[in-house]
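The following exercises ask the reader to work from a sequence and a set of coordinates. Each task is followed by a solution in steps.

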Amino acid sequence: DLGFIFGAVRIVDAEGAGNSVSGRWEQDREFGTGELVEALLFGCIVCPPSVMVRHSAARRAGLFRTDLTWGHDWEWDLRLAELNSAYYSCTPLAAYRVHENSGTAEQLNAGKNGRQERLILKETLKRLSARDSRFRKIKRPALQALANRHMFFAEQALVDGRRRIALNNLAYAALANKKMLTRPTFWAMAASSAGSIGWC
């Protein structure tokens, strides 16, 4: 009766080695139609290799958007969860390979992720809020979660020495939530990011 299932994944490197597990919950969980949407608004918690979708559920959700180069899986998951029931398995169902040449790494290194994530979130919240007013209350905390993700991406970019990408993500964080501009951590990272490249 489920529309789709997803689960934890085993994290592996470029050679397929590694035994760490990444998952959202410690126990199996079932979600009725639309029940997973709220959790998804705070970030993509569905790891693509772990997903199995019933054909009828995929038809209801529609196709992936081709105008997105980042977050197209997240945007599709939101539509999928909005219209279908789901099940989460805490047992790893797949392996997720992390390496420098992955599509995810390429998009993060290009610093193009923020604009599209904000677009996905705003469009989805607008659509959901038109049908259910409770989603209007979720907008602010969801944007705060988005700002926090960009702060994390900025920090990771700084650690890797990618200052311009760090600056881009700090800008995305501020666009998602202007209160980030009041945080000393924000300005400390901005100063470190500006370094030798200057403000642009």
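The exercises below concern a predicted model and proceed from the whole chain to single residues.

**Exercise 1. Overall fold**

Task: State how many helices and strands the protein chain has, and assess its radius of gyration.

Solution.
- Step 1. The protein chain contains eight helices and five strands. In sequence order they follow the pattern β-β-β-α-β-α-α-β-α-α-α-α-α.
- Step 2. For 200 residues, a compact globule would have a radius of gyration near 16 Å; the value for the protein chain is 18 Å, which agrees.
- Step 3. The C-alpha trace spans about 55 × 45 × 30 Å along its principal axes.
- Step 4. Of the 200 residues, 42% are buried. Among contacts with a separation of 6 or more, 74% join residues 24 or more positions apart.

**Exercise 2. Strand pairing**

Task: Determine in which sense β5 pairs with β1 and in which sense β5 pairs with β3.

Solution.
- Step 1. Strand β5 (residues 86–97) and β1 are parallel, and eight bridges connect them. Within this region, V12 has R97 of β5 as its bridge partner.
- Step 2. Strand β3 (residues 29–31) runs antiparallel to β5, with three bridges. Here F31 is bridged to A86 of β5.
- Step 3. G16 lies in the loop between β1 (4–12) and β2 (20–22). Its relative accessible area is 30%, so G16 is partly exposed.
- Step 4. Leaving aside neighbours within four places in sequence, G16 is in contact with R10 and R97. The C-alpha atoms of G16 and Y96 are 9.0 Å apart, although 80 residues separate the two along the chain.

**Exercise 3. Helix geometry and the nonpolar core**

Task: Compare the spans of α5 and α7 with the expected values, then identify the core residues that touch the most other members.

Solution.
- Step 1. Helix α5 (residues 113–131) has 19 residues and should span 27 Å at 1.5 Å a residue; its end C-alpha atoms are 28 Å apart, so the two values agree.
- Step 2. Helix α7 (residues 163–176) has 14 residues and reaches 20 Å between its first and last C-alpha atoms, close to the expected 20 Å.
- Step 3. The buried residues of α5 include L121, T124, L125 and L128. These four residues are among the contacts of L41, as are W74, L78 and F135.
- Step 4. The largest nonpolar core has 41 residues, of which F6, L36, L40, L41 and L121 touch the most other members. Helix α6 (residues 139–159) supplies the largest share of this core, six residues.
- Step 5. N169 belongs to helix α7 and counts as buried because its relative accessibility is 1%. Not counting residues up to four places away in sequence, N169 touches N113, H150, F153 and A154. N113 is itself one of the buried residues of α5.

**Exercise 4. Cysteines**

Task: Explain why C47 and C90 form no disulfide bond.

Solution.
- Step 1. The cut-off for a disulfide is a pair of cysteine sulfur atoms within 2.5 Å.
- Step 2. For C47, the closest cysteine sulfur is that of C44, 7.9 Å away, so the pair is too far apart for a bond.
- Step 3. For C90, the closest cysteine sulfur is that of C47 at 15 Å, which is therefore also too far.
- Step 4. Over the whole structure, the search finds zero disulfides.
- Step 5. In accessibility, C47 counts as buried at 14%, whereas C90 counts as partly exposed at 28%.

Terms used. Residues numbered from 1 in each chain as written. Predicted model: local features only at pLDDT ≥ 70, side-chain atom pairs only at ≥ 80, totals over all residues. Heavy atoms only, no water. Buried < 20%, exposed > 50% of the residue type's maximum accessible area, 1.4 Å probe, protein only. Helix = DSSP H or I, 4+ residues; strand = E, 2+ residues; numbered from the N terminus. Contact = heavy atoms within 4.5 Å. Expected span 1.5 Å × (residues − 1). Core = buried A, V, L, I, M, F, W, Y, C linked by side-chain atoms within 4.5 Å. Pairing = 2+ DSSP bridges. Rg over C-alpha atoms; globule rule 2.2 N^0.38 Å.
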